[in-house]
Structures are given as structure tokens and as C-alpha cells.
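Got the viewer open? Here's a short walk through the model, one selection at a time.

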Amino acid sequence: MEARLNLIHKIGQGISPQQFMDGMQNRTMETSNITNTKEKFISVYENFEWAQEDQKAFFTGLSNRSDLHCLILCTDWCPDVIWNVPLLFRVMEQSNISTEVLLMEEHLETMDLFLTNGGRNQPIAVFLNASGDVLGKWGARPAYIQAVMDRFKKNNPNKQDADYKKKLNQTYREIGDLYQVSNEYQEVILNELRNLFSFSFINFQSI
């Protein structure tokens, strides 16, 4: 169904990655163990390195696809954004894919086209061709981290339970630890994006 979506009207409605970074507020996210969100975001962005040359070569090979466009739906107050969007920015730069950020609160009707288990989980990266057709999406978390939240929701279906909030915060802490323990999440995201680009986009040329 998503492949039939067309978002041509959204191209040009966002802000640049640099504008997003410049406009970020400094926040403290104690549950996710992030003391300064803007500082952490910039650190992840500036310190990103390609661990595998074949990954870098793959995304570099996309640089001739000038017909591709990326819309990233996000805000600066979500911990997953702090970890994942800097990597998305770097991948899009390497691929020379035109990229803009749609601030979620200003584009809720678009965000609601890409819900995760019925929720507005972010970030969501949406990939379009030159005509605005949606070719695919990524988000909001790498699969092994999303699995932690999926397991929590499966085991705690009733939000009215007395200890629901406590268990949810524990889950957020677990997710935060997974991001911080190593750069594994970055390698997983790169693999997920590579698979998406290779197999899901029927308009992609063979790399």
C-alpha cells in the first residue's frame, strides 16, 4: 500500500539537516541516560565512521541516483531521534540523496501514514522517487531494539495497571543502554537500509 502513496506535495516543505541541528534544544533525558541531547546528537553525527568499506561503497554507489529524495519525520525531543537521525543524515550525505526534515508536530497527517504498531514512533525516514511516489521507509528503531518495546507491549497490554509506567520506564532504560553499549545499532541500521535499498525499491538500479 505504501508503494502507492505519493508525497510530491511534501517535497520542499521541510528544513535541511543543518537547520534541524542548529535549531535543536538542549534537553536532559534521564530515563534514556542522555544528559544533553543536542550535544549527544552532534557527537554521534561528527564521530560516525564507516566500519565496513563495502557498506560505504554501496551507499556511495547510490550517488548517481539524483531522482531519489528522503523525508525524515522527527522531533528533537525523542531519544531514538538523538541516536538514529545523525546516522541517517550521514548515510544520505554519502548517497547524495536530497534530504529534508519534516518536524512531526507540523506534519501529523503525514506521520499518521507511517505509524508503528498504531503509534507515532520516530524517526521515520521515507524515500521517494522524483515523482513523489513512496518507494519505502525505515524507522523508528533498528529491529533488535524495537523488539524490546514490542515485547513490553505484548506483556503489558493494560496501560491502566499500577506498575505500567514503572515497567515502561524500565524498558526505555533498557533501550537507552542498547544504544550506548556499542555501535552495534549503527551497523544494524546500515544493514537494514542496504537491504531496503537493494530489495524493496523496484525503481532502484542494480548496484
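## Stop one: a pair of helices

Start by selecting helix 6 and helix 7, whose axes lie 10 Å apart and pack at an angle of about 170°. Keep in mind as you look around that this is a predicted model. Angles over 145 degrees count as roughly antiparallel, so helix 6 and helix 7 fall into that class relative to each other.

Now turn on the side chains where the two meet. From helix 6, show Tyr 144, Ile 145, Val 148, Met 149, Arg 151 and Phe 152. Facing them from helix 7 are Tyr 164, Lys 167, Leu 168, Thr 171, Tyr 172, Glu 174, Ile 175, Leu 178 and Tyr 179. Colour this contact by class and you'll get 11 nonpolar residues, one polar and three charged.

## Stop two: swap in helix 4

Keep helix 7 on screen, hide helix 6 and bring up helix 4. The axes of helix 4 and helix 7 come within 10 Å and cross at roughly 25°. That angle makes helix 4 roughly parallel to helix 7, and the crossing is left-handed.

Which residues make this contact? On helix 4, pick Asp 80, Trp 83 and Asn 84; on helix 7, pick Ile 175, Tyr 179 and Gln 180. By class, they split into three nonpolar, two polar and one charged.

Notice a couple of familiar names: Ile 175 and Tyr 179 of helix 7 touch helix 4, and both also appear in the contact with helix 6.

## Stop three: the largest pocket

Next, switch on a surface and look for the largest pocket, with a volume of about 450 Å³. It is lined by 19 residues, and Cys 78, Asp 80, Asn 121, Arg 141 and Tyr 172 are the closest to its centre. The helices from the earlier stops return here: helix 4 (79-95), helix 6 (143-155) and helix 7 (164-181) each give two or more residues to the lining. Which helix gives the most? That's helix 7, with three residues. The lining as a whole has nine nonpolar, four polar and six charged residues.

## Last stop: the second largest pocket

Finally, select Ser 43, Val 44, Asn 47, Phe 48, Glu 49, Ala 51, Trp 83, Asn 183, Tyr 185, Gln 186 and Glu 187, which line the second largest pocket. About 160 Å³ of space lies inside. Helix 2 (37-47) and helix 8 (184-200) are the elements that give two or more residues to this lining. Its classes come to five nonpolar, four polar and two charged. You've met Trp 83 before, on the helix 4 side of the contact with helix 7.

Notes: Residues are numbered from 1 along each chain as its sequence is written. This is a predicted model: local features need pLDDT of at least 70, side-chain atom pairs count only at pLDDT 80 or more; totals for chains, interfaces and linings use all residues. Side-chain values use heavy atoms; hydrogens and water are left out. On a 1 Å grid over the protein atoms alone, a cavity is a set of points where a 1.4 Å probe fits but cannot get out, and a pocket is an open set with protein on both sides within 12 Å along at least five of seven lines; lining residues have an atom within 4 Å of a point. Grid points are joined across faces, edges and corners, and a volume is the space filled by probe spheres set on the points. Helices (H or I, at least four residues) and strands (E, at least two) are DSSP runs, numbered from the N terminus. Ala, Val, Leu, Ile, Met, Phe, Trp, Tyr, Cys and Pro count as nonpolar, Asp, Glu, Lys and Arg as charged, and the others, Gly among them, as polar. Axes are lines fitted to C-alpha atoms, for helices over the stretch in contact, and angles run from 0 to 180 degrees between N-to-C directions. Angles under 35 degrees count as roughly parallel, over 145 as roughly antiparallel, 65 to 115 as roughly perpendicular and the rest as oblique. A crossing is left-handed if the near helix is turned anticlockwise from the far one by less than a right angle, and right-handed if clockwise. Contact means heavy atoms within 4.5 Å.
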